[in-house]
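Me: Please take a close look at the open and enclosed spaces in this model. I would like the pockets first, then the cavities, then the packing around them.

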Amino acid sequence: MAAKAAASFIFMLFFLSTACQAKLSSSFYDKSCPNAESAIRTAISAAIARERRMAASLIRLHFHDCFVQGCDASILLDETSSIQSEKTAGPNNNSVRGYEVIDKAKSEVEKICPGVVSCADIIAVAARDASAYVGGPSWAVKLGRRDSTTASRDLANTDLPAFTDSLDTLISGFQKKGLTARDMVALSGSHTLGQAQCFTFRDRIYSASNIDAGFASTRKRRCPLTGGQANLAPLDMVTPNSFDNNYFKNLMRNKGLLHSDQVLFNGGSTDSIVTEYSRNPAKFSSDFASAMIKMGNIHPLTGSAGQIRRICSALN
């Protein structure tokens, strides 16, 4: 009995230790790498200064990482004989960008703290710094994630939202990740910075009934009925390089570029949230920051799980 009680006690200590390790903390690197966030910020700022569009790409990269296996940097892994890279999944292929920016930030951090800071944490910090650089909100990023040793192209193809999704499908997909409809609308607001390829919005500008005629006509100049598949158009034509609430104002005028944008304001359950954000930019900013923190908490690897990858695109 005594041996059994001792074993039970040891198990409890292990459980409590694991639970403590599993909790992300904004002070995680305060002692092990106190200059990590500063080094990341410098790399991110330089990248966005070179190309303003990179801000949207880095926020999106974090989103596409977290929705597949959790926030574990699995999206950064290249194809190998044992890994089916998520980079070539439908929603990511020739679409997700910013890999080289994360690589640069990682190399700078490795110079000062080799083998300490995970690629997954760098992605999370980069998204925050990208938002702040273009006038969006900032927030205390919770850190302590470790990097995955696997990737899943199949999950990337099934779990990431599609530009053709209905409102119900979007809400359901976000709920499966622990995010509410309000979180989903707030996170969609980052589209104010983004651009889309012609093939993703062609059907909407040529066939949709819930679209402003002048807006559709303007977009047809860059997206013909045939050809020009990869031609880019800003999701927000008004202030495409600034983080603001114009995205929501556009939706209320039937000027959402993607089908999955306009469904947020089309007589459904999220109309009131769009209206609120269009009138109250401070509330949108606050909710966006909160939703990013929640998203960054999706199934992180912590403690002894995974690894700290020295090169983000490959296993150690």
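Reply: A search of the whole structure finds two cavities of 30 Å³ or more; the pockets come first, as you asked. This is a predicted model, in which local features need pLDDT of at least 70, side-chain atom pairs count only at pLDDT 80 or more, and totals for chains, interfaces and linings use all residues. Residues are numbered from 1 along each chain as its sequence is written, and side-chain values use heavy atoms, with hydrogens and water left out.

Some terms before the details. The search runs on a 1 Å grid over the protein atoms alone. A cavity is a set of points where a 1.4 Å probe fits but cannot get out. A pocket is an open set with protein on both sides within 12 Å along at least five of seven lines. Lining residues have an atom within 4 Å of a point. Grid points are joined across faces, edges and corners, and a volume is the space filled by probe spheres set on the points.

The largest pocket holds about 960 Å³ of space. Its lining has 41 residues, and Arg-60, His-64, Ser-95, His-191 and Leu-258 lie nearest its centre. Several elements give two or more residues to this lining, including helix 3 (54–66), helix 8 (181–188), strand 1 (195–197) and helix 14 (281–295). Helices (H or I, at least four residues) and strands (E, at least two) are DSSP runs, numbered from the N terminus. Helix 3 gives the most, with six residues. By class, the lining has 22 nonpolar, 15 polar and four charged residues. Here Ala, Val, Leu, Ile, Met, Phe, Trp, Tyr, Cys and Pro count as nonpolar, Asp, Glu, Lys and Arg as charged, and the others, Gly among them, as polar.

The second largest pocket has a volume of about 190 Å³. It is lined by 14 residues, with Thr-158, Asp-159, Leu-160, Thr-169 and Gly-173 closest to its centre. Helix 6 (153–159) and helix 7 each supply at least two of them. Helix 7 gives the most, with five. The lining divides into six nonpolar, four polar and four charged residues.

Now the cavities. The largest has about 60 Å³ of space. Among its lining residues are His-62, Trp-139, Arg-145, Met-292 and Asn-297. Five lining residues are nonpolar, three polar and two charged. The second largest cavity has about 30 Å³. Arg-52, Arg-53, Ala-55, Ala-56, Leu-193, Pro-240 and Asn-241 line it. Four of these are nonpolar, one is polar and two are charged.

Last, the packing. A nonpolar core is a set of buried Ala, Val, Leu, Ile, Met, Phe, Trp, Tyr and Cys residues joined through side-chain atoms within 4.5 Å. Buried means under 20% relative accessible area, exposed over 50%, partly exposed in between (1.4 Å probe, protein chains only). The largest core has 75 residues, and Leu-76, Ile-102 and Leu-264 touch the most other members. Helix 5 (residues 119–133) gives the most to this core, with nine residues. A second, separate core of twelve residues includes Phe-201, Phe-215, Leu-235 and Leu-258. Leu-258 is also one of the residues nearest the centre of the largest pocket.
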